[in-house]
Amino acid sequence: AIAFDMQNDLNTLDITGTVSPTGTTLSSVAVQWQAFEFGAILAAFTGQRVEDVAGISEGSISVTWRDPIAETLRIAARVEQVEVDLIGTTYELANPPARFDYADGAIVLEPMLLTGDGQTLRVHGSLARDGAVDFSMVMDDLSIANLARISAGDDIGARGTVAYAINLGGTLTHPVANGFFRAEDIRWKSFAVDSVGARLSLASDTLSIPDLHAKFPFGRLDGSFMATLNALGVPVPSKIDPAFHIDLVFDRIGAEIDEWEGLRSGQIGLSGAFNLTGTKLADLESYRGMFRLDSLSVDAPFHRSVKLLEPFTLQIANDIDNPLSNPVHLAQILDADTVGTIVVEYQPNSESLGLDLTVERLRLSDVRHLIIPIVNLPDDLDGELSVNASWDMDTEQPRARLAARLIAPIGYGVQADSIRFAAAVDPENAVIEEGYLFSSADTLHIEGGVSFTDETLHVRVRANRFEAVNVALPSLPP
């Protein structure tokens, strides 16, 4: 016999029942709770502060069984009340009681409706003993602001709504599904999406998203996706050949930065297309496709910008002699003048995917203004950067080389006439060939490297009147 009773003011929890040690007679356990507060339990599962979470529930569960348990187990659950308060938003059961039953190997979840702050969630479903599935879930107007507050524990300024529906049928071995996803007016900091929508279906062990689209304040994206379940790594009983396909077209998608440097707005946008096919997502050698970039522009305040000078196409396959249709040519522009260039070219004689990078006289003061939304750099950063680099992406025999020169660099209060740096990596060594800082009074010289074959490290640093105080200060505590 089992008897357990807990009371605390209006909270009650009762557990009673009898259990047959031999299984020859019927065993039963009944659980009943009234005005049961579970806010502390919910806070532990959601990671929220206890004072930000409250919950109260009322219901009952009845369980009976005898040998053999698999054939005689019966479960009947009833929930008369559920009310949850998560960081100021209250969710409650709108159509009590919610019912869940298990008997004769079949599961039935009767229609249940949860509401809160204009949001609704509808769920119902069943699983028959023969494996037949009938399940439906519909979410209307899920608030991204509330979701962000629950996830982050604070208001992070996100807004928008999400809706979705999923219908699942067929059997456990051959499921069939269809549904949709929709999001509208998504806003967070500089990220903005007017709408996102997708339709999906699952049939014949194949997942399809025939219609995927997104609309931005000044651009849009359209695409589709198809994959057999075994291409995604999910085992299937049928002998279908694994395959997947992704197709995307984007037109001027990007973001508008409202407070770039706190003064003026800027824009980032790109146009192009991407498609990819293969057998399994994990099998990179099966990939075939292309990425085409028609335009790329970063427009920052004070007439600074980066532009793609000509479109290019990157073919995706490991048996293509030259995957790049033409060099990738970016220009750094101030007003209408080109003040720096970045060029990426393919190495035709490389063992694997080999690329050359050339940077000519890139002005770091302009770079600082261009990438402030991504990373903060020192306010006094300046100088002209030139780089020559190459690498061969053969995973077994990687090779890379870098040579950089910085004219009249300034940063963190340190100023020099020039900085030179050269390094190389091959299957046996990683070597700093030279690292020099020159000014009228200061010099800093670094050289050395790592031998992978001998597992040895050698580094030599020489300095003469090198002023390190301004470099170290930003990393020290106040």
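**Exercise 1. Aromatic pairs**

State how many aromatic pairs the structure holds, and work out why the pair of Tyr436 and Phe438 is classed as it is.

*Solution.* The structure, which is a predicted model, holds four aromatic pairs. For Tyr436 and Phe438, begin with the distance between the ring centres, which is 5.2 Å, and set it against the pairing limit of 6.5 Å. Next take the angle between the ring planes, which is 15°; planes under 30 degrees apart count as stacked, and the pair is therefore stacked. As a last step, consider how far each residue is covered: Tyr436 has a relative accessibility of 23% and so counts as partly exposed, and Phe438, at 28%, is likewise assigned to the partly exposed class.

**Exercise 2. Phe312 and the nonpolar core**

Describe the surroundings of Phe312, starting from its aromatic cluster and going on to the largest nonpolar core.

*Solution.* Phe312 forms one aromatic cluster together with Phe250 and Phe291. Phe312 is also among the residues with the most contacts inside the largest nonpolar core, a set of 24 residues in which Phe216, Leu221, Leu308 and Leu324 are named alongside it. Several elements supply at least two residues each to this core, including helix H3 (144–152), strand S14 (206–216) and strand S16 (244–260). Leaving aside residues up to four places away in sequence, Phe312 touches Phe291, Arg292, Leu293, Leu324, Ser325, Asn326 and Val328.

**Exercise 3. Leu324**

Decide whether Leu324 is buried or exposed, and place Leu324 in the chain and among its contacts.

*Solution.* Leu324 lies in the loop that runs between strand S20 (312–316) and S21. Its relative accessibility is 9%, and since buried means under 20%, Leu324 counts as buried. Apart from residues up to four places away in sequence, the contacts of Leu324 are Phe312, Thr313, Leu314, Val344, Glu345, Tyr346 and Leu355. A further distance can be added for Gln347, which is 23 residues from Leu324 along the chain, with 9.7 Å between the two C-alpha atoms.

**Exercise 4. A nonpolar surface patch**

Identify the residues of the nonpolar patch on the surface, and say which strand gives the largest share.

*Solution.* The patch is formed by Val425, Val450, Phe452, Leu457, Val459 and Val461, which together have about 520 Å² of accessible area. Strand S30 (residues 456–464) contributes the largest share, namely three residues. Val450, by contrast, is found in strand S29 (residues 443–451), and with a relative accessibility of 32% Val450 counts as partly exposed.

Technical notes: Residues are numbered from 1 along each chain as its sequence is written. This is a predicted model: local features need pLDDT of at least 70, side-chain atom pairs count only at pLDDT 80 or more; totals for chains, interfaces and linings use all residues. Side-chain values use heavy atoms; hydrogens and water are left out. Patches are made of residues with over 30% relative accessible area and no salt bridge: like charges are joined within 9 Å, nonpolar side chains (Val, Leu, Ile, Met, Phe, Trp, Tyr) within 5 Å. Accessible areas come from the Shrake-Rupley method with a 1.4 Å probe; for residues, only the protein chains shown count as cover. A salt bridge is a side-chain nitrogen of Lys or Arg within 4 Å of a carboxyl oxygen of Asp or Glu. Helices (H or I, at least four residues) and strands (E, at least two) are DSSP runs, numbered from the N terminus. Buried means under 20% relative accessible area, exposed over 50%, partly exposed in between (1.4 Å probe, protein chains only). Rings of Phe, Tyr and Trp (its six-membered ring) pair if their centres lie within 6.5 Å; planes under 30 degrees apart count as stacked, over 60 as edge-to-face and the rest as tilted. A nonpolar core is a set of buried Ala, Val, Leu, Ile, Met, Phe, Trp, Tyr and Cys residues joined through side-chain atoms within 4.5 Å. Contact means heavy atoms within 4.5 Å.
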